[in-house]
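Let's get to know this one together, a few questions at a time. Have a look first, then read on.

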Amino acid sequence: DPDNVAFCVLAADEEDEGDIALQIHFTLIQAFCCENDIDIVRVNDVAKLAGPSEESGEPRDLHCILITV
């Protein structure tokens with residue numbers, strides 16, 4: 001429900017720039033946010049957004065978070 005979204009956080013590493021599917025995903029998320037007047041915050045490092053997984057210690061595969069009210 002876009003009325004309950006305060007803002008969107010998008011994270012992309014430099015290596016993600018070559019991933020066409022991920023770029024399409026970002027474009028769709030940005031269009032959704034623009035259409036619904038949701039502010040977007042960009043982070044240049046996925047690890048800054050998600051942190052490491054508790055089980056493996058590897059960075060999580062997480063590129064978008066919608067913060068709700």
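Q: Where is histidine 63 found?
A: Keep in mind that this is a predicted model. Two elements flank the spot, α2 (46-50) and β3. Histidine 63 is found in the loop between α2 and β3.

Q: Is histidine 63 buried or exposed?
A: Its relative accessible area comes to 13%. Buried means under 20%, so histidine 63 counts as buried.

Q: Leaving aside its neighbours within four places in sequence, which residues is histidine 63 in contact with?
A: Sequence neighbours within four places don't count here. Two of the contacts, Leu22 and Phe26, are also buried residues of α1. The full set is Val9, Leu10, Ala11, Asp16, Leu22, Phe26, Val46 and Leu49.

Q: How far apart are the end C-alpha atoms of helix α1?
A: Helix α1 runs over residues 20-35, which makes 16 residues. At 1.5 Å a residue it should span 22 Å, and the model agrees: the end C-alpha atoms are 22 Å apart.

Q: How wide an arc do the buried residues of α1 cover around the axis?
A: The buried ones are Leu22, Phe26, Ile29 and Cys33. They sit on the same side of α1, because they cover an arc of only 65°.

Q: What covers the buried residues of α1?
A: Strands are part of the cover. It includes β1, β2 (39-43) and β3 (64-68).

Q: Is phenylalanine 7 buried or partly exposed?
A: Phenylalanine 7 lies in strand β1, and with Val41 and Ile67 it forms a nonpolar patch on the surface. Its relative accessibility is 30%, so it counts as partly exposed.

Notes:
Residues numbered from 1 in each chain as written. Predicted model: local features only at pLDDT ≥ 70, side-chain atom pairs only at ≥ 80, totals over all residues. Heavy atoms only, no water. Patch = residues over 30% accessible without salt bridge, like charges linked within 9 Å, V, L, I, M, F, W, Y side chains within 5 Å. Areas by Shrake-Rupley, 256 points an atom, 1.4 Å probe, with all protein chains shown as cover. Salt bridge = Lys/Arg side-chain N within 4 Å of Asp/Glu carboxyl O. Helix = DSSP H or I, 4+ residues; strand = E, 2+ residues; numbered from the N terminus. Buried < 20%, exposed > 50% of the residue type's maximum accessible area, 1.4 Å probe, protein only. Expected span 1.5 Å × (residues − 1). Arc of directions from axis to C-beta. Contact = heavy atoms within 4.5 Å.
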